[in-house]
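Hi,

Here is the structure I promised to pass on. Have a look at it first, and then read on for my notes.

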Amino acid sequence: MSNKEHDVTRRQFLNYTLTGVGGFMAAGMLMPMVRFAVDPLLQNKKTGKMVSVVSVDELTDQPQRKTFKVKKVDGWHEFEEQKIAYVFKKKNGDIMALSPICTHLGCTVNWNDPAYPNEYHCPCHGGRYTKTGINIPGTPPPAPLHVYDMKVKDGTVYLGDAHPRGGA
Ligand code: FES
């Protein structure tokens, strides 16, 4: 193999150099634009923020329906989502906040319907749950009502996201 075969002409050298430098500069300009365009998609969609919902003094052993709003971000779209919780004090004084979303097909359950006293009843397919949200066997829901993340601060109940129990 002669050295002649490995020689690079001045024109080839300039082509390689300009292509390399040009590509590097183009990447440097495009990266921030691409990052800006996809950035909302890389963000966590849940705020995870706790929202003030009810004063502890208002709570009794009867579930009360409370509505509250949480800020959500979906891509570039920011919005407020209205949520509902049934909040009450258990026998031992602990506070419980349940999601009213039926675990069967997602309808909203009601507490203490005249025909179903002291239960949550789902009007869609007759799902029923106990006061603490446990699904009653023989009715359609496959799992208990979800429980909200909760904290109590300065006499106020704050709620976050609702989750299935026991990692179910
Ligand atoms: S959606 Fe509640 S029982 Fe079907």
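Let me start with a contact between two charged side chains: Glu-58 and Lys-66 meet in a salt bridge, with 3.2 Å from N to O. Keep in mind as you go through this that the model is a predicted one. The two partners are not equally covered: Glu-58 is partly exposed, because its relative accessibility is 43% and the buried class ends at 20%. Lys-66, on the other hand, has a relative accessibility of 17%, so it falls under that 20% limit and counts as buried.

How many salt bridges does the structure hold? The count is 3, and here are the other two.

Asp-161 and Lys-72 bring their side chains together in a salt bridge at 3.7 Å, N to O. That pair links distant parts of the chain, since Asp-161 belongs to strand E9 (residues 156–163) and Lys-72 to strand E2, 89 residues apart. Both ends are buried: Asp-161 has 15% relative accessibility, and Lys-72 has a relative accessible area of 11%.

Then there is Glu-119 with Arg-128, where the closest N and O atoms of the salt bridge are 2.7 Å apart. Glu-119 is buried, at 14% relative accessible area, while Arg-128 comes out as partly exposed at 25%.

Now the strands. E2 (residues 64–74) runs antiparallel to E3 (residues 77–89), and 11 bridges join them. Val-73 sits opposite Glu-78 of E3. The hairpin they make has 2 residues between the strands, and Gly-75 there takes a positive phi near 65°.

E3 also pairs with strand E4 (residues 95–98), again in the antiparallel sense, over 4 bridges. In this pairing Val-87 stands opposite Ala-97 of E4. E3 and E4 form a hairpin too, with 5 residues between them, and Gly-93 in the turn has a positive phi of about 95°.

Further along, E5, E6 and E7 form an open sheet of 3 strands in that order, with antiparallel pairing. Which strands are at the edges? They are E5 (110–113) and E7 (128–129), each pairing on one side only. E6 (residues 116–121) pairs with E7 over 2 bridges in the antiparallel sense, and His-121 stands opposite Arg-128 of E7. Arg-128 is thus one to click on twice, as it is also the salt-bridge partner of Glu-119.

On to the rings. Searching the whole structure gives 3 aromatic pairs. One of them is Phe-68 with Tyr-148, an edge-to-face pair with 5.6 Å centre to centre and 70° between the planes. Phe-68 is in strand E2 and Tyr-148 in strand E8 (residues 147–153), so this pair ties together parts that are 80 residues apart in sequence. Both rings belong to buried residues, with relative accessibility at 5% for Phe-68 and 7% for Tyr-148.

There is also one aromatic cluster, made by Tyr-86, Trp-111 and Tyr-120.

A last contact to look at is Lys-151, which lies over the face of Tyr-158, 5.4 Å from the ring centre.

If you only have time for a couple of views, I would go for strand E2: Lys-72 in that strand reaches Asp-161 in E9, and Phe-68 in E2 pairs with Tyr-148 in E8.

Cheers

Conventions: Residues numbered from 1 in each chain as written. Heavy atoms only, no water. Pairing = 2+ DSSP bridges. Salt bridge = Lys/Arg side-chain N within 4 Å of Asp/Glu carboxyl O. Buried < 20%, exposed > 50% of the residue type's maximum accessible area, 1.4 Å probe, protein only. Phe/Tyr/Trp six-rings, centres within 6.5 Å; stacked < 30°, edge-to-face > 60°. Lys NZ or Arg CZ within 6 Å of the ring centre and 35° of its normal.
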